[in-house]
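Subject: Structure for you to look at

Dear colleague,

Here is the structure I promised to pass on, with my notes on it below. Please have it open while you read.

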Amino acid sequence: MLGDVPLWTTVLQFLAAGLVGGFCVLQWVWWRGALRSDGSTWSLALSVAMAGLVLVAGLHGVVTGAEPREALSFLHGQLVGVVALLCLPATRALGSAGPRLRPWVTAATLVLVLRALLWFHTFGPTDAPERVPTGRPVAVALLFVVLGIVVGYVVAALGTVRLNPLGWLLVSAAGLSLATLSTGILLSDQPAGALLASLWPLPLAVGLEWLASARLRRAQLTALRRELMRDALSAVTNSAWFHRDADALLLQARDAAREVLGDASIEGSLRPLQRDRYVADLFPADPDVLLPHERTFLIDLGLVVSTAAERYTLTDRLARAAVTDTLTNLPNRRAVDTHLFEVLERAAVERTRVSVVYCDIDGFKDVNDRDGHAAGDDLLRRTADFLRTWVDDDTYVARLAGDEFAVIVCRAPGDDDLADLARRIRSGFGARVGTVAGPALTCGVATWNPSDIVDPDALLRHADAAMLEAKRTKSGHRVFDPALRARAEDTRRLRAALERAVEEDRITAYFQPIVDTRTLEVVGLEALARWHDGDEFILPEHWLTLAEQSGLIVPIGRSMIRQARRALDRHHMPVAVNLSARELHEHDVLERIDAAWSGGPWEHLTIEITESTMLRTAAAVPVLSELRARGARIALDDFGTGFSSLARLARLPVDVLKIDRSFVREVRTPRGAGPVRAIVALAEHHGLDVVAEGVESAGDLQMLVELGVPQAQGNFVGRPARGLPVRGARPQPRISNGMVAVSGDAPRAEARLPRRRVHLVSRPLRVSPGALDDTTPEHL
């Protein structure tokens with residue numbers, strides 16, 4: 001099929017082979033890249049085959065031997081068949097359509113194999129059987145069969161696709177090359193036929209490389225566009241963290257899509273769904289023109305926008321929840337702090353007053369206990385709706401906590417007008433929310449003046465203090481006046497001093513004796529907290545309530561138990577320690593008592609708790625039961641002043657009943673003796689010990705003996721002291737029918753015990769009346 005050609009033809013063939021080879025390198029780089037596809041694979045294979053074909057044609061022009069020329073001619077023909085065979089999958093890949101490929105490839109491959117066998121049979125080794133003289137025409141005919149198979153498939157494939165200009169260019173180049181090859185084969189005996197047979201691949205090579213170059217350029221543009229897509233997607237994602245408007249973010253995403261895809265028809269939409277969900281769409285006027293990666297880009301942009309919209313909605317909802325009470329939808333305490341600070345800052349500039357009306361619902365707990373928490377919640381909502389009617393440009397209503405509300409009044413009027421406002425709020429609540437029987441609203445009013453320090457917390461505290469004073473006096477409303485301010489300042493100073501005293505461990509335990517009423521034997525001690533602030537003695541009634549409210553009673557209670565433990569080691573006498581309701585609310589109260597008692601004998605420790613604390617503190621019974629199981633004794637202090645049920649008393653972990661001093665004070669009257677007699681009978685029925693508190697005179701002691709009270713304590717039988725306290729000098733008792741009779745009130749002078757060690761592990765300390773004298777006390 002190849003013949004002698006001019007030198008310029010050979011040079012042209014080598015140049016074409018080099019050019020096609022260079023394109024093969026570019027296509028290999030394309031094929032190795034991220035945009036690899038079937039089209040790039042078969043285009044590279046065709047280019048390699050075309051380069052080999054042109055190179056073999058060029059070598060045929062410079063080789064001089066007969067056999068090498070014949071071999072190159074056969075190889076050239078086989079490469080023609082290979083190029084034709086590769087056109088089958090290339091057509092399918094580049095056109096994305098066509099008949100079933102496998103039968104056509106199989107037929108063309110069998111023809112090429114048959115042609116190769118024919119050549120070996122015809123032009124094989126010299127010792128082969130006789131050659132077939134018709135081998136060359138048959139080989140050419142078989143090559144035309146292959147070309148016919150390929151042309152048939154291409155024609156069938158082109159009938160099902162719509163070609164673009166590049167496709168028509170490639171088809172035209174392939175047709176020109178096929179025509180040139182056919183003409184060259186037909187004119188093989190003429191010089192023009194050899195020239196055409198040598199140059200026929202050039203049109204197809206030019207068309208193929210033009211297509212490859214276009215596809216490579218398109219791949220580069222696609223890669224660049226994908227980089228732009230990634231940059232645009234990153235820019236929109238970053239903006240999503242700084243935007244707070246989903247619509248503005250959607251506009252930015254739409255503009256980015258228009259710029260990257262070069263399509264000004266792209267529009268966007270953001271639609272809300274249920275449960276604060278959103279869906280965002282970006283779409284062009286003609287969605288069918290989008291490539292898959294472009295469609296993915298628009299979907300990703302929409303996901304960024306929809307996710308950001310959901311996050312903005314959630315953030316706004318959480319922000320509202322952080323400053324809004326969920327039950328009443330009023331601003332909460334956090335919102336009040338922020339608003340009040342801003343209002344005070346503005347009022348300081350405008351030189352106006354700001355007032356807070358602190359409102360609390362009286363009887364709210366009774367509503368919860370009687371009708372349930374649902375009724376209590378409904379009462380809170382109705383209260384919020386009522387207070388909203390007082391909102392105007394200068395008023396701000398919020399729920400602080402529980403059943404407490406606040407009305408903040410900017411540009412507040414005078415104190416009389418504020419008192420009238422509180423009165424009208426209270427009466428309006430009774431008319432619209434409460435009833436004649438309750439609940440009612442108690443209001444406290446505090447005002448900030450421009451001369452005061454900007455302190456929102458102090459203003460709220462003052463309003464709260466006024467409200468508590470109104471509750472205490474049952475006046476319904478109260479304005480925070482100078483008297484209340486002075487009282488609040490005294491409380492503040494007292495608390496600061498008490499905190500320092502607790503920190504410096506200056507709360508000292510004084511011990512008051514508990515005696516046998518018949519023999520006056522000291523059978524135990526009660527630890528009482530005493531506070532010495534320098535040379536000043538502050539009575540417990542002045543600071544004990546404050547310690548309970550502030551929580552300082554917890555460290556004070558631990559200190560009392562520690563000092564009681566040391567007193568047990570020093571005096572060898574059972575010790576009683578008071579336990580407050582606030583301490584029982586601590587989750588680690590048992591561990592704290594264990595640490596303070598530090599492994600002492602539990603049978604010599606008595607824990608005293610008031611009757612109201614026992615009945616109203618849910619944690620009291622389990623804690624006291626555990627202490628009792630360890631061996632400690634439980635005393636019910638101030639018994640008779642609460643509301644104990646006789647049936648319930650038997651189920652409580654109690655060992656001792658302490659009669660309240662209010663009954664002992666009137667024990668010599670029928671009104672006071674009756675309750676004492678009943679308590680003694682009750683204790684005997686349940687097997688409990690009885691101790692009378694507050695014995696202040698010999699007459700009280702004598703009456704208690706007659707009523708059968710076995711033990712007593714009070715200033716008459718022994719004042720509290722740091723050491724081992726005993727009662728001072730008293731008249732000598734006389735024995736009458738086994739009863740101790742004492743005439744007259746004894747003096748309050750302190751006495752001391754004989755200097756001897758007393759052990760009370762198995763029996764109480766016995767103090768002989770003759771051992772008492774009028775000397776000053778000595779701390780043992």
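Phe 14 is a good place to begin, and it lies in helix H1, which covers residues 7–32 (helices are DSSP runs of H or I with at least four residues, strands are runs of E with at least two, and both are numbered from the N terminus). Please keep in mind that this is a predicted model, in which local features need pLDDT of at least 70 and side-chain atom pairs count only at pLDDT 80 or more, whereas totals for chains, interfaces and linings use all residues. Residues are numbered from 1 along each chain as its sequence is written, and side-chain values use heavy atoms, with hydrogens and water left out.

Because its relative accessibility is 33%, Phe 14 counts as partly exposed (buried means under 20% relative accessible area, exposed over 50%, and partly exposed in between, with a 1.4 Å probe and protein chains only).

For the chain as a whole, 26 helices and 18 strands are found, and of its 780 residues 46% are buried. If one takes the contacts between residues at least 6 apart in sequence, 68% of them join residues at least 24 apart, where contact means heavy atoms within 4.5 Å.

One open sheet has 5 strands with mixed pairing, in the order E4-E5-E3-E6-E7 (two strands pair if DSSP finds at least two bridges between them). Strand E4 (395–401) and strand E7 (477–479) are at its edges with a single partner strand each, so one side of each has no neighbour in the sheet. On average, neighbouring strands here are turned by 20° against each other, direction ignored; axes are lines fitted to C-alpha atoms, for helices over the stretch in contact, and angles run from 0 to 180 degrees between N-to-C directions. Helix H13 (residues 373–388) packs on this sheet, where it touches E3, E4 and E5, and its direction makes about 10° with that of E5.

Within the sheet, strand E3 (residues 354–362) and strand E5 (residues 404–410) run antiparallel and are joined by 7 bridges, with Ser 355 standing opposite Val 409 in E5.

Elsewhere, strand E11 (residues 575–578) runs parallel to strand E9 (residues 522–533), with 3 bridges between them, and Val 575 in E11 is the bridge partner of Leu 525. E11 is also joined by 4 bridges to strand E12 (residues 605–610), again in parallel, and Ala 576 stands opposite Thr 606 in E12.

With best wishes
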